[in-house]
Every structure is written in C-alpha cells, then in structure tokens.
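Hi everyone, thanks for making time this morning. I'd like to walk you through one structure, strand by strand, and then talk about a few side chains. Please have it open while I speak.

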Amino acid sequence: SSMEKVLAVGIGAIITGLLIISSYGGTLIDFTQKKLKEYLSIGGYKFGKWTALPDILKIKVILTSYISSNIPNGISPTFSGEVTDFKTLIYSNSSELVLSFKYSNKDKAVKQANRLAANLNADLVLNVPEQE
C-alpha cells in the first residue's frame, strides 16, 4: 500500500513536471483570413481565441536599451548590465499599436518584420542602426 502511494505521487509529479516544461505562450497570425490568436500551449494543445485582425498600415522595428539587474538574494549571483532588445511593432490604420514582438537578435527582428509587412501589405519602417 505504501509503495503504491509512493509510485502514484512520483508518477503524478513527473506528469505535472512534463506539463509545466511543455507549456509556453505565443501568437498565431492567419494571413489568409486576417485573424490572430494569442495562445497558451499546454502539452501541445493551444488554448486561445481567434480574433479579427484590423487592417495593418505599418510595421516598425525599433531598438530599445535598458539596464537590467537582479535583486541580490544570497543564492544566485548578482548581475547587472545594459540589455538591447529589438521590438517589432504592428500598427493599424488608426495608428493604434495592435501587437508587438520582442527579439534579442536584430536579424531575426528584421526578418520577421519583412515577413509581416509582405503578408499584411503594410509599410515597413526600420529604426535600427546598420551596425549592431
């Protein structure tokens, strides 16, 4: 009886851990039907609701920099430094920000922005330096 309880708890913990490590969030964009879905994936199933995507006027890539530091806790090392991110911003016809994506890599941000602009027939504005 006690061995069965130990196995049940162990198997339950393993299954719970697998569900946790396989969980992530994201955004799906259906270019043909002009809709988007912000989802949470748990165990491979994506939970979320499709919503209509407004007409997109402009895709913009910008560079953002900030100082990041973690709070000393006595266990993990305390690091601080400047972090540079690249944001892809998606604006509707009313100049309203519809979506934004954050990348740590300039090339990936520009590549995805080009893809979005081409598929959504939007203007592409790159506000990032050439050398980065």
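Let's start at a turn. Strands β2 and β3 form a hairpin, with two residues between them. In that turn, Gly-43 has a positive phi of about 65°. Before I go further, please keep in mind that this is a predicted model.

How many bridges hold β2 and β3 together? There are eight, and the pairing is antiparallel. If you want to trace the ladder yourselves, try Leu-36, whose bridge partner in β3 is Thr-51. Another rung to look for is Lys-35, which is partnered with Ala-52 in β3.

Now zoom out a little. The hairpin belongs to an open sheet of three strands, in the order β1-β2-β3, and the pairing is antiparallel. Which strands stand at the edges? Those are β1, residues 24–30, and β3; each has a single partner strand, so one side of each is left without a neighbour in the sheet. From one strand to the next, the twist averages 20°. As a quick reminder for anyone who doesn't look at sheets every day, strands pair through backbone hydrogen bonds, and they can do so parallel or antiparallel.

On to the other sheet. This one is also open, but it has four strands, in the order β6-β5-β4-β7, and here the pairing is mixed. The edge positions go to β6 and to β7, residues 123–127; each of these has a single partner strand, so one side of each has no neighbour in the sheet. The twist here averages 25° from one strand to the next.

Let me take the pairings of that sheet in turn. Strand β4 covers residues 56–69 and β5 covers residues 80–92; they run antiparallel, joined by 13 bridges. Next, β5 pairs with β6, residues 97–103, again in the antiparallel sense, over six bridges. You can follow a path across these strands: Val-61 has Thr-88 of β5 as its bridge partner, and Thr-88 in turn has Phe-101 of β6.

Where does the parallel pairing come in? It is between β4 and β7, which are joined by five bridges. One rung there has Lys-58 partnered with Asp-123 in β7.

There is a hairpin in this sheet too. It is formed by β5 and β6, with four residues between them, and Ser-95 in the turn has a positive phi of about 60°.

While we are on β5 and β6, let's look at charges. The model has one salt bridge. Lys-102 makes it with Asp-85, and their closest N and O atoms are 3.8 Å apart. The two residues come from distant parts of the chain, 17 residues apart, with Lys-102 in β6 and Asp-85 in β5. Are the two partners buried or exposed? Lys-102 is exposed, at 56% relative accessible area, whereas Asp-85 is buried, at 7%.

Next, the aromatic rings. There are two aromatic pairs. One is Tyr-24 with Tyr-39, an edge-to-face pair with 6.2 Å from centre to centre and 80° between the planes. Tyr-24 sits in β1 and Tyr-39 in β2, so this pair ties together parts that are 15 residues apart in sequence. Tyr-24 is partly exposed, with 42% relative accessible area, while Tyr-39 is buried, with 13%.

The other pair is Tyr-45 with Phe-47: the ring centres are 4.6 Å apart and the planes meet at 75°, so this pair is edge-to-face as well. Tyr-45 is exposed, at 52% relative accessible area, and Phe-47 is partly exposed, at 43%.

Those two residues bring me to my last stop, the surface. Tyr-45 and Phe-47 are part of a nonpolar patch of about 980 Å², whose members also include Met-3, Val-6, Leu-7 and Leu-40. Which elements give two or more residues to the patch? They are α1, residues 2–21, together with β2, residues 35–42, and β3, residues 45–52. The largest share, six residues, comes from α1. Ile-42 is another member of the patch. You will find Ile-42 in strand β2, and at 33% relative accessibility it counts as partly exposed.

That's my tour; thanks for listening, and I'm happy to go back to any part of it.

Definitions and conventions: Residues numbered from 1 in each chain as written. Predicted model: local features only at pLDDT ≥ 70, side-chain atom pairs only at ≥ 80, totals over all residues. Heavy atoms only, no water. Patch = residues over 30% accessible without salt bridge, like charges linked within 9 Å, V, L, I, M, F, W, Y side chains within 5 Å. Areas by Shrake-Rupley, 256 points an atom, 1.4 Å probe, with all protein chains shown as cover. Salt bridge = Lys/Arg side-chain N within 4 Å of Asp/Glu carboxyl O. Buried < 20%, exposed > 50% of the residue type's maximum accessible area, 1.4 Å probe, protein only. Pairing = 2+ DSSP bridges. Axes fitted to C-alpha atoms, helices over the stretch in contact; angles between N-to-C directions. Phe/Tyr/Trp six-rings, centres within 6.5 Å; stacked < 30°, edge-to-face > 60°.
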